[in-house]
Amino acid sequence: MVIKARDILTSIGEVIYDWQASGDQLRWSSNAAEVMQANVVASCPTGQAFADRVTPDTIGARYRSIFGSGRTDNGSGVPFECIYCLAPNGFESEVRLWVEESGRWFAGSDGRAERVHGIMRVVNERHHREQRQRFLSQFDELTGLYNRSIFLDQLSQNLECRAQSDQVSCYLVAHIDNFRVVNEAYGFDIADQVIREVAGRISRRLRDGDLVGRISGTKFGLLINNCSEAEMAATAERFLEATRDDLIQTDVGPVHVTMTMGGVYLGKDVPDLRTAEVCALDALDRAKHHNRGSFRSFNAVPFALDEREKTIKMADEVISCLNDRRIDLAFQPIVEAQSGEPAYYEVLMRVDDQEGNAIPAATFVDFAEQLGLAAMLDHRILEMTLDVLFSYPEARLSINVSPDVAMDKDWNAYLQARVANYPDVAERLVVEITEKAAIRNMEGAIAFVQSLRSLGAKVAIDDFGAGYTSFRNLQRLDVNLVKIDGSFVQDIDTNAQNRAFVRMFSELAKELEIEVVAEWVETEQVAQVLSSMDVAYYQGYHYGKASKDLPWAKAGDHSLVV
């Protein structure tokens, strides 16, 4: 029996092609029409004709994989692989195929792709989910850009290869300005449309060999090759114009946003990825403080070497602490006002550097937020807190969450997965959100509170009074507890105005059936003044500092293995 190559390719759903840049000629294997469910030999005789049938939301991924990988041809070609969606019969047809394409491109004399050949495989339904997940492991689902990990890996490779080449390059970070206003005014669906359009505008201004990735919610990283330090500002301006000069059309009408950018020239003073990240983000922060919608170069605004090294070291500590799971929990008692006995404990973070020196928690959190790692930190604290609650039925704990955790589907999904079938655990958990964060996104905060309460957990508003106090908003949130900001409490025995505020608020909270926690109760005098008010709980050094010891553990057992 003679087995034909055509039959083998057709049986496994694969098509071979060859593309020549000269004349834009695209040649197909003879089984193309059968596999691709369309006469692509006739309808797609050129690379452009084929590209016109790739759906707009995925064509960027294909283009970047083949023409925008940032890699160079050393004579043997450059391999590539991508997944995208194809409309083989045109967009007027409902037929859509997910296509996995792999091959190799060869450069011409100008360094650009002169010839491409490869294999296209139609991904069937059985493999659809697997291939889709593979796509998402490399690309951001919303924008189609490289995701953070893949982009930073490409940037790291670029830094490592500089010693073997004379290539000059820059790393730029672009941030969409005042994006929270877009979220609040138009909602998340429109905000997603804005992010997607900004990503597209950036992509269309890239040159061959440049890279872009979405490195956090509203930040994009750009690796610009063949760009000197002197050319950075002009290069950045090309991208700033992408949003500044034209309105973004959305389902609710035109929206105007701008970007601010910071960048660093990848010279000998930037030896590694962490340095590149810290320097570019420092330049971005300086640009924001100078003038939103502008660009600042790191080297154009130098700061002391010791400050930079300290910043880089701190950034490394954040990464290593999370990777090495070197984060500990400490527990500060929150006592019942009448009895003075602990009602529950607030979970606080304790971190030591690699030399064993304590890192201030606020500093650690600040750097985690700068590096886009706040979500990872929130996940770790939640995981450790739930481990304590499951291990010790006597434990009752409260945790603080970052402002954006309400929008973190993974955080919510993890909590649901662990406590949905354990109501006894959920009812011993209090989640604290700040008043400022709630007001900034009231609708999202309301939904977040409802989801937590539906599990049986309690919700507290932290630092109440430190922001734009609104009793109406407090009523809408439907929380269980409110923690009065400590600045109103610590001198209540000598400050008549603060005493009046706490008394008024505690009486109102009682009418709303919300329990009040007074923070920063540091003296017996303050506790005595509070005893005449409708305050349910006290928290402060007068009743105990945070300790790593577990109050519920048996004698001699003051550690938890997690």
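This is a short talk about three helix pairs and one pocket in a predicted model.

Hi everyone, thanks for coming. Please keep in mind that we are looking at a predicted model, and do follow along on the structure.

Let's begin with the pocket. The second largest pocket has a volume of about 810 Å³. Its lining is made of 33 residues, and those closest to the centre are Gly 70, Arg 71, Thr 72, Gln 167 and Asn 225. By class, the lining of this pocket has 15 polar, ten nonpolar and eight charged residues.

Which elements supply at least two residues each to that lining? Two strands near the start of the numbering are on the list, strand 3 (78-86) and strand 4 (97-107), along with strand 8 (219-225). Helix 5 (56-67) and helix 7 (148-161) are there too. Helix 7 gives the largest share of the lining, with four residues.

Helix 7 also takes us to our first helix pair. Two packed helices are described by the angle between their axes and the distance between the axes. For helix 7 and helix 11 (residues 273-290), the angle is about 110° and the axes are 9 Å apart. That makes helix 7 roughly perpendicular to helix 11, and helix 7 passes helix 11 in a right-handed crossing. On the helix 7 side you can find Arg 148, Leu 152, Leu 155, Ser 156 and Leu 159, and they meet Leu 273, Ala 276 and Glu 277 of helix 11. Sorted by class, this contact has five nonpolar, two charged and one polar residue.

Next, please look at helix 8 (residues 179-186) and helix 9 (residues 188-204). Their axes come within 7 Å and cross at roughly 140°, which makes helix 8 oblique to helix 9. Helix 8 contributes Phe 179, Val 182, Asn 183 and Tyr 186 to the contact, while helix 9 brings Phe 188, Ile 190, Ala 191, Val 194 and Ile 195. How many charged residues does this contact have? There are no charged residues here, just eight nonpolar and one polar.

Our last pair is helix 14 (residues 374-391) with helix 15 (residues 409-419). These pack at an angle of about 10°, with axes 10 Å apart, and are therefore roughly parallel to each other. Helix 14 passes helix 15 in a right-handed crossing. From helix 14, the contact uses Asp 378, His 379, Leu 382, Glu 383, Leu 386, Asp 387 and Phe 390. From helix 15 come Asp 410, Trp 411, Tyr 414, Leu 415, Arg 418 and Val 419. By class, that contact has seven nonpolar, five charged and one polar residue.

That's my tour, and I'm happy to go back to any of these spots with you.

Technical notes. Residues are numbered from 1 along each chain as its sequence is written. This is a predicted model: local features need pLDDT of at least 70, side-chain atom pairs count only at pLDDT 80 or more; totals for chains, interfaces and linings use all residues. Side-chain values use heavy atoms; hydrogens and water are left out. Axes are lines fitted to C-alpha atoms, for helices over the stretch in contact, and angles run from 0 to 180 degrees between N-to-C directions. Angles under 35 degrees count as roughly parallel, over 145 as roughly antiparallel, 65 to 115 as roughly perpendicular and the rest as oblique. A crossing is left-handed if the near helix is turned anticlockwise from the far one by less than a right angle, and right-handed if clockwise. Contact means heavy atoms within 4.5 Å. Ala, Val, Leu, Ile, Met, Phe, Trp, Tyr, Cys and Pro count as nonpolar, Asp, Glu, Lys and Arg as charged, and the others, Gly among them, as polar. On a 1 Å grid over the protein atoms alone, a cavity is a set of points where a 1.4 Å probe fits but cannot get out, and a pocket is an open set with protein on both sides within 12 Å along at least five of seven lines; lining residues have an atom within 4 Å of a point. Grid points are joined across faces, edges and corners, and a volume is the space filled by probe spheres set on the points.
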